[in-house]
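Trainee: I would be grateful for a close look at one annotated position in this structure, followed by an account of what surrounds it in the fold.

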Amino acid sequence: MAASSGITGALEVMHAMKISDLIGIHKGLIKVTQSLKKMKETFQLMHNHHQGETGDFLTRMRDYMPPAHRQLIETLSVCRSLRDFVITSSSSDLCQAYNSCVSALADLRSYHLNTVAKFVIVPGNQVRSMGCPLRGVGSALNTTGTGGSNLMVFLKSVRNTTQKALILERPTTSRETEM
């Protein structure tokens, strides 16, 4: 459920950008932000209950997505940059909504990184320290992620790239001053 409201919000943002509807973009970003927060809460519940190369890898992962999901990602990737649109809009309200959305995504990525450390890295270290008869299992769990990437380096680079998308200098006008 959380993902569907985020997808709806993303589509609303795309449509609103085409017609330069700042209020529509703002509302869509709020939906995406709420969706990301719900996804993080869901992941936390699941885990509490049970306890250059980056871009290429992410592009390859599209091959494993359901067709509709892959099509949405590909459509989003050819659209105008939302970040650039927000910067040129000079709307501080829109900038705040955008930054809130990006922060929620960075928070979700940080949570994922911590979860991997807790449920993959730490158990891998324990296996290695116990002298597991399957040589190399502990170190393989610690260093190699999906697709053979260096696990923690990859996850940190994705999170850091997300954080760099924040707009640090806010546009000057807000909805209140425009009215």
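By its relative accessibility, does His 112 count as buried, exposed or partly exposed?

Mentor: The model is a predicted one, and every statement below should be read in that light. His 112 counts as partly exposed, because its relative accessibility is 43%, a value between the 20% limit for buried and the 50% limit for exposed. The residue lies in helix H6. A "binding site" annotation in an unreviewed UniProt entry covers His 112; that label comes from the record, and such annotations may be inferred rather than shown by experiment.

Helix H6, which spans residues 92-129, also takes part in the interior. The largest nonpolar core has 19 residues, and H6 gives the most to this core, with eight residues. Helices H1 (2-18), H2 (22-50) and H5 (82-89) each give two or more as well. The members that touch the most others are Ile 25, Leu 29, Leu 36, Val 86, Leu 94 and Tyr 98. In soluble globular proteins, nonpolar side chains tend to be buried together.

Leu 29 illustrates how these parts meet. Leaving aside residues up to four places away in sequence, Leu 29 touches Val 13, Leu 82, Leu 94, Ala 97, Tyr 98 and Cys 101. Apart from this core lies another, of nine residues, including Phe 57, Leu 113, Ile 121 and Phe 154.

Two cysteines may be set beside this picture. Cys 101 is buried, since its relative accessible area is 10%, and Cys 95 is buried too, at 0%. The structure nevertheless holds zero disulfides.

The loop between H5 and H6 deserves attention, for Ser 91 has its place there. Although it belongs to a loop, Ser 91 is buried, because its relative accessible area is 4%. The side chain of Ser 91 reaches the backbone nitrogen of Leu 94 at 3.2 Å, and Leu 94 is one of the core members that touch the most others.

Leu 168 offers a contrast. It lies in the loop between helix H8 (151-164) and helix H9 (175-178), and it is exposed, because its relative accessible area of 75% is over the 50% limit. Leu 168 and Asn 99 are 69 residues apart in sequence, while their C-alpha atoms are 8.7 Å apart in space.

To return to the request, the annotated His 112 is partly exposed and sits in H6, the helix that gives the most residues to the largest nonpolar core.

Conventions. Residues numbered from 1 in each chain as written. Predicted model: local features only at pLDDT ≥ 70, side-chain atom pairs only at ≥ 80, totals over all residues. Heavy atoms only, no water. Core = buried A, V, L, I, M, F, W, Y, C linked by side-chain atoms within 4.5 Å. Buried < 20%, exposed > 50% of the residue type's maximum accessible area, 1.4 Å probe, protein only. Helix = DSSP H or I, 4+ residues; strand = E, 2+ residues; numbered from the N terminus. Contact = heavy atoms within 4.5 Å. Disulfide = S-S within 2.5 Å. Polar contact = N/O pair within 3.5 Å; in protein donor to acceptor, adjacent residues only side chain to side chain.
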